[in-house]
Amino acid sequence: RTARDLDGRRIVISAGGTREPIDPVRFIGNRSSGRQGVALAEAAKQRGADVLLVAANLEIEVPAGIESFTVTTTAQLREAMLERAASADVVIMAAAVADYRPEDVSDTKMKKEADGGPVTLRLVQNPDILTELGHADRRARVLVGFAAETTSDEAELIRLAAEKRERKGCDLIAVNRVDGGRGFGAADNEVRLIDANGPLGAAVAGSKSDVAHAILDAARDLLRGRD
Ligand code: C5P
């Protein structure tokens, strides 16, 4: 790869995981640390891109020199992405988005039931941001999604991811296995990249930076094909 092969490209990357409030002190969240998204932002910046990191509850600091916009909930992430995606060359949805949110958010801290009984939390589905971005009229030129699957069958993993790519309308999908402590929060990652023609080469295993560069290589190639 040439050092500045993304010179001037506008790249928007979401990272971390969204949180849905239950009451003023509680939320429903997920285990995404934001490391892979941050690694993507750093790698894209190194390669000359104009990067915006949309950061949802990161466990790590945003590196110095990376422009960022902070969000908490899925609704905020959605608004930020819809606003910025249309004018981007590449959009990468690396954030883990909560599929559901509490239907009602209590204004006051919920009290424990005095009789020791259970409580019921009713959840409603969140919109799928990647699907909206993939099917929008004004679309990012290259849209990249992630898929985390727990299957240990390689062929099944690829089949599920290829189907997800198609359904969500993204150009490229990075799929990783998340069983056995892999993926979430870890320093290393192993992904397969799949575009409209199927898997791109073998699995990419390495640091989250190595994986980031491999994803950007694929995004760059797709962009070049559209210039
Ligand atoms: O369907 P699944 O959660 O496996 O899809 C993962 C991909 O879809 C990720 O790129 C994630 O950022 C995106 N996603 C989204 N909005 C949702 C759920 C997932 O954009 N509500």
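Reader: Where is the place of A94?

Author: In this predicted model, A94 sits in the loop between strand 6 and strand 7 (100-102).

Reader: Why is A94 called buried?

Author: The relative accessible area of A94 is 17%. Buried means under 20%, so A94 with its 17% counts as buried.

Reader: Which residues is A94 in contact with, leaving aside its neighbours within four places in sequence?

Author: With those neighbours left out, A94 is in contact with S14, A15, G16, G37, L40 and F146. By contrast, the C-alpha atoms of A94 and R26 are separated by 24 Å, and these two residues are 68 residues apart along the chain.

Reader: Why is E61 called exposed?

Author: Exposed means over 50% relative accessible area. E61 has 69%, and therefore counts as exposed. E61 lies in the loop between strand 4 and strand 5.

Reader: What separates the C-alpha atoms of E61 and V38?

Author: The separation is 8.8 Å, for two residues 23 residues apart along the chain. V38 itself belongs to helix 1, where it is buried.

Reader: What makes R159 partly exposed?

Author: The relative accessibility of R159 is 43%. Partly exposed covers what lies between under 20% and over 50%, so R159 at 43% takes that name. R159 is a residue of helix 4. Its C-alpha atom and that of K45 are separated by 32 Å, with the two residues 114 residues apart along the chain.

Reader: How do you know that the span of helix 1 agrees with its number of residues?

Author: The expected span is 1.5 Å times one less than the number of residues. For the 12 residues of helix 1 this should give 16 Å, and the end C-alpha atoms are 16 Å apart, so the two values agree.

Reader: Which residues of helix 1 are buried, and what covers them?

Author: The buried residues in helix 1 are Q36, G37, V38, A39, L40, A41, A43 and A44. Their cover includes strand 1, strand 4, strand 6, strand 9, strand 11 and helix 5. Helix 1 is followed by G48, whose phi is positive, near 95°.

Reader: What is notable about phi of N57?

Author: Phi of N57 is near 55°, which is a positive value in a residue other than glycine. N57 is found in the loop between strand 4 and strand 5 (67-71).

Reader: How many residues has the largest nonpolar core, and which have the most contacts inside it?

Author: The largest nonpolar core has 33 residues, and I11 and I92 have the most contacts inside it. Elements that each supply at least two residues of this core include strand 1 (10-16), helix 1 (35-46), strand 6 (90-93) and helix 5 (208-226). Helix 5 gives the most, with 9 residues.

Reader: Which residues is I11 in contact with, leaving aside its neighbours within four places in sequence?

Author: I11 is in contact with L6, A44, A49, D50, V51, L52, V90, I92 and L216. Apart from the largest core lies another core, of 26 residues, among them A147, L157, I158 and V175.

Reader: What is the volume of the largest pocket, and which residues are the closest to its centre?

Author: The volume is about 910 Å³. The lining has 38 residues, and A95, A96, V97, F146 and A148 are the closest to the centre.

Reader: How do the residues of this lining divide, and which elements supply at least two of them?

Author: The lining divides into 16 nonpolar, 15 polar and 7 charged residues. Strand 1, helix 1, helix 3 (129-135), strand 9 and helix 4 (154-168) each supply at least two residues.

Definitions and conventions. Residues numbered from 1 in each chain as written. Predicted model: local features only at pLDDT ≥ 70, side-chain atom pairs only at ≥ 80, totals over all residues. Heavy atoms only, no water. Core = buried A, V, L, I, M, F, W, Y, C linked by side-chain atoms within 4.5 Å. Buried < 20%, exposed > 50% of the residue type's maximum accessible area, 1.4 Å probe, protein only. Helix = DSSP H or I, 4+ residues; strand = E, 2+ residues; numbered from the N terminus. Contact = heavy atoms within 4.5 Å. 1 Å grid on protein atoms, 1.4 Å probe; cavity = no way out; pocket = protein on both sides within 12 Å on 5 of 7 lines; lining within 4 Å. Points joined across faces, edges and corners; volume = space filled by probe spheres on them. Nonpolar A, V, L, I, M, F, W, Y, C, P; charged D, E, K, R; others polar.
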